[in-house]
Amino acid sequence: MMSREIPMVLCRRVYAIASIVGGAVYFLLRVPLQESTAALTGVILVFAIRMLATHYRWSLPRISEDQQTEPRK
(Lines give C-alpha, C1' and ligand atoms only; values in the text may rest on other atoms or scores of the structure.)
Protein backbone atom coordinates (compact mmCIF):
# COMPACT_ATOMS: atom_id res chain seq x y z
CA MET A 1 0.00 0.00 0.00
CA MET A 2 1.38 3.40 -0.95
CA SER A 3 1.40 6.14 1.62
CA ARG A 4 3.05 9.50 2.13
CA GLU A 5 4.96 8.26 5.17
CA ILE A 6 8.73 7.91 5.12
CA PRO A 7 9.75 4.30 5.80
CA MET A 8 11.03 3.72 9.34
CA VAL A 9 14.27 2.28 7.97
CA LEU A 10 15.10 5.62 6.36
CA CYS A 11 14.20 7.88 9.26
CA ARG A 12 15.05 6.05 12.49
CA ARG A 13 18.14 3.98 11.78
CA VAL A 14 21.18 4.33 9.62
CA TYR A 15 20.60 1.15 7.58
CA ALA A 16 20.58 2.94 4.23
CA ILE A 17 23.72 4.91 5.05
CA ALA A 18 25.50 1.75 6.22
CA SER A 19 24.63 0.00 2.96
CA ILE A 20 25.84 2.94 0.88
CA VAL A 21 29.13 3.05 2.81
CA GLY A 22 29.61 -0.71 2.46
CA GLY A 23 28.92 -0.54 -1.27
CA ALA A 24 31.35 2.34 -1.70
CA VAL A 25 34.08 0.47 0.21
CA TYR A 26 33.54 -2.60 -1.98
CA PHE A 27 33.65 -0.49 -5.14
CA LEU A 28 36.89 1.24 -4.10
CA LEU A 29 38.64 -1.92 -2.88
CA ARG A 30 37.67 -4.39 -5.61
CA VAL A 31 40.52 -3.35 -7.92
CA PRO A 32 43.49 -3.23 -5.50
CA LEU A 33 42.32 -6.30 -3.52
CA GLN A 34 40.73 -9.57 -4.51
CA GLU A 35 37.02 -9.17 -5.16
CA SER A 36 36.08 -11.58 -2.36
CA THR A 37 38.25 -9.66 0.13
CA ALA A 38 36.66 -6.37 -0.91
CA ALA A 39 33.17 -7.86 -0.58
CA LEU A 40 33.92 -9.31 2.85
CA THR A 41 35.34 -5.96 4.01
CA GLY A 42 32.18 -4.17 2.83
CA VAL A 43 29.90 -6.68 4.55
CA ILE A 44 31.84 -6.47 7.82
CA LEU A 45 31.72 -2.67 7.69
CA VAL A 46 27.94 -2.63 7.10
CA PHE A 47 27.45 -5.08 9.97
CA ALA A 48 29.65 -3.01 12.29
CA ILE A 49 27.88 0.25 11.46
CA ARG A 50 24.46 -1.35 12.00
CA MET A 51 25.48 -2.88 15.32
CA LEU A 52 26.98 0.41 16.53
CA ALA A 53 23.84 2.28 15.42
CA THR A 54 21.67 -0.15 17.35
CA HIS A 55 23.86 -0.10 20.46
CA TYR A 56 24.28 3.69 20.59
CA ARG A 57 20.78 4.40 19.19
CA TRP A 58 22.05 6.48 16.31
CA SER A 59 19.39 7.91 14.04
CA LEU A 60 19.22 10.15 11.02
CA PRO A 61 17.99 13.73 11.39
CA ARG A 62 14.30 14.12 10.69
CA ILE A 63 12.64 16.62 8.40
CA SER A 64 9.62 18.32 9.90
CA GLU A 65 6.35 18.21 7.99
CA ASP A 66 6.49 22.00 7.47
CA GLN A 67 9.74 21.65 5.54
CA GLN A 68 8.37 18.75 3.45
CA THR A 69 5.28 20.56 2.20
CA GLU A 70 6.78 23.99 1.45
CA PRO A 71 7.77 24.49 -2.19
CA ARG A 72 11.31 25.62 -2.84
CA LYS A 73 11.77 29.17 -4.07
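**Y15.** I started with Y15 in this predicted model. Is Y15 buried or exposed? Neither, quite: Y15 comes out partly exposed, because its relative accessible area is 24%, and the partly exposed range starts where buried (under 20%) stops and ends where exposed (over 50%) begins. I also looked up where Y15 sits, and it is in helix α2.

**Y15 and I49.** Next I checked a pair. Along the sequence, Y15 and I49 are 34 residues apart. In space, I get 8.3 Å between their C-alpha atoms.

**I20.** Then I moved to I20, which is also part of helix α2. That helix covers residues 15-29. Is I20 buried or exposed? I20 is exposed, since its relative accessible area of 57% passes the cut-off of over 50%.

**The patch.** I wanted to know which residues I20 joins on the surface. I found a nonpolar patch there, made up of I17, I20 and V21. Together these three have about 240 Å² of accessible area.

**The whole chain.** Zooming out, I counted four helices and zero strands. Reading from the N terminus, the order is simply α-α-α-α. How much of the chain is buried? Of its 73 residues, 12% are buried. I noted the surface too: the chain exposes about 6,600 Å², with carbon and sulfur atoms supplying 62% of that area.

**Contacts.** Last, I looked at contacts between residues with a separation of 6 or more. Of these, 63% link residues that are 24 or more positions apart.

Methods. Residues numbered from 1 in each chain as written. Predicted model: local features only at pLDDT ≥ 70, side-chain atom pairs only at ≥ 80, totals over all residues. Heavy atoms only, no water. Patch = residues over 30% accessible without salt bridge, like charges linked within 9 Å, V, L, I, M, F, W, Y side chains within 5 Å. Areas by Shrake-Rupley, 256 points an atom, 1.4 Å probe, with all protein chains shown as cover. Salt bridge = Lys/Arg side-chain N within 4 Å of Asp/Glu carboxyl O. Helix = DSSP H or I, 4+ residues; strand = E, 2+ residues; numbered from the N terminus. Buried < 20%, exposed > 50% of the residue type's maximum accessible area, 1.4 Å probe, protein only. Contact = heavy atoms within 4.5 Å.
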